[in-house]
Amino acid sequence: MLKMPAGAQKRAKQPAWVKKLRSDIKLDNGAGFLVKLPSGRSQVQLTTIFDDGTRQQNYLPPHLTWTAEDALTIREWVRDIRKILSEDASKSLKQAITERQGWSGDKREDGEGAFNAEGWDNAAERFLASLRPILRSNSLKLIEQRVAKALNTLKTAPKPRNYEAFIRAYAEQHFYKKDKNGKLIVVTSAGGSGRKRGIEDVTRFLSFAVEECGASNRYRPKLSTALKSELIGTRPVDSKVGRKTIPLTDQQFSDFLDWLKENGKDQLRLAVGLTGYFGLRVCELALLMPTETAKGLQLKVGMQAKANAKTRSAPPKEPRLAMYAKCDGRPVDEAMYMLAQYHSGLVKLPQRLRKQIDKVEEKGFFRDVGDAFSEQVKATQFWKDLVKVEPRITPNALRHSFAWRVHQSTEMIVPTRAVAAAMGHTHQTHLRYYSEFIDPDQTEKVFERFNQGVASA
């Protein structure tokens, strides 16, 4: 009978958690990282084998005990140390361990390292750095603001000792504020997307800090449905009162086009006319594709303007066919005449707008196109006078006017799905923003017409 080598016998006697720990470390970092508890010592020893075959050994901090309870934390420390070494090949193993210790404070009663202020700051920077390549600047800016608020919560006494304490403190500190009498005032509305996204973003940050940066497992997010609902709250039944979608009326749209013509603003008039007649998002002025077809000139619009981190990974959408909606009292073919002017180059979009369109490919986003257009619209005296009458109106009212005309200006009933497709959004989105434009009696009228059109026996 063959005798098992001494090393194999020793490995066979190892506790299951030790075998798993070593297997996990190898899986995380490759074969160059080994941990053990040397005979007669109380500290865990880490050995690193470099590509040239040289080795370095050093001890992990004493609070990392050679027990099953600390196995996950030891694994996370080795992973963090490997990342430090890979980012700076000039550092020694001892220096990497020292740097990793700088992320944590003294040993806590739960046996895990507690992040100090510098550790949380480093985690925040690494988290944001991981998002910069995939997010647009405006989306990143919002997350940066929320992470800054999260850091404030983590550093404010009494400091939260676990995830639930953190997320409750975050909600209390940033969804409300106290007035001079100490009374809480709502800052972020209950039930709104502001609370939902805020909680989701800071939860992602804490998850990253635990998984990638060595934050205590106490901060690992455990966001139950009940807790999330409690913190987000419920939107009041009357919360949409005073927040309705505001379109330009037919008369306002017509008067604006006339004012622009009288004041010699032909290029801005073209941009305003195309936006209002075809129901464009203001940033979609960068995505216009007039196309000659057997049916004549048509306008197709690229669908990249609403791209985000989720949609960028999906197959690109085909350009949509944008339809125009006539405006009561305007020349019958004015919309198509404007499109022909744009297509031929006879009239161009404003220079400031064209400059931003040219920068889209370099920047990777379209927001500045919409901003340039909106600022020029707001600078006109016509718009300034309009705002005095309706302070909440914005240049997006030009797009809203398209939906208004289709649903309100005539007796003709246009299916909401067709209008949604022409505007480039989902049917659900259309109903959310434009349901108030839809005649509640349309259902009855549609079925009356349907039944009249069906031949009887």
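**Notes on the sheet and the cores**

1. Start with the open sheet: 3 strands in the order β8-β9-β10, paired antiparallel. Strands here are DSSP runs of E of at least two residues, and helices runs of H or I of at least four, numbered from the N terminus; two strands pair if DSSP finds at least two bridges between them. β8 (288–293) and β10 (320–322) sit at the edges with a single partner strand each, so one side of each has no neighbour in the sheet. From one strand to the next, the twist averages 45°.

2. Bear in mind that this is a predicted model: local features need pLDDT of at least 70, side-chain atom pairs count only at pLDDT 80 or more, and totals for chains, interfaces and linings use all residues. Numbering runs from 1 along each chain as its sequence is written, and side-chain values use heavy atoms, with hydrogens and water left out.

3. β9 (residues 296–301) is joined to β10 by 3 bridges. Valine 301 has arginine 320 of β10 as its bridge partner.

4. Now the largest nonpolar core (buried Ala, Val, Leu, Ile, Met, Phe, Trp, Tyr and Cys residues joined through side-chain atoms within 4.5 Å; buried is under 20% relative accessible area, 1.4 Å probe, protein chains only). This core has 44 residues, and Val272, Phe278 and Phe373 have the most contacts inside it. Elements supplying at least two residues each include β9, α13 and α16 (367–378). α11 gives the largest share, 7 residues.

5. Phenylalanine 278 touches, among others, Leu299, Ala322, Leu339 and Phe402, leaving aside residues up to four places away in sequence (contact means heavy atoms within 4.5 Å).

6. There's also a second, separate core of 32 residues, including Ala150, Tyr163, Tyr170 and Phe175.

Technical notes. Axes fitted to C-alpha atoms, helices over the stretch in contact; angles between N-to-C directions. Buried < 20%, exposed > 50% of the residue type's maximum accessible area, 1.4 Å probe, protein only.
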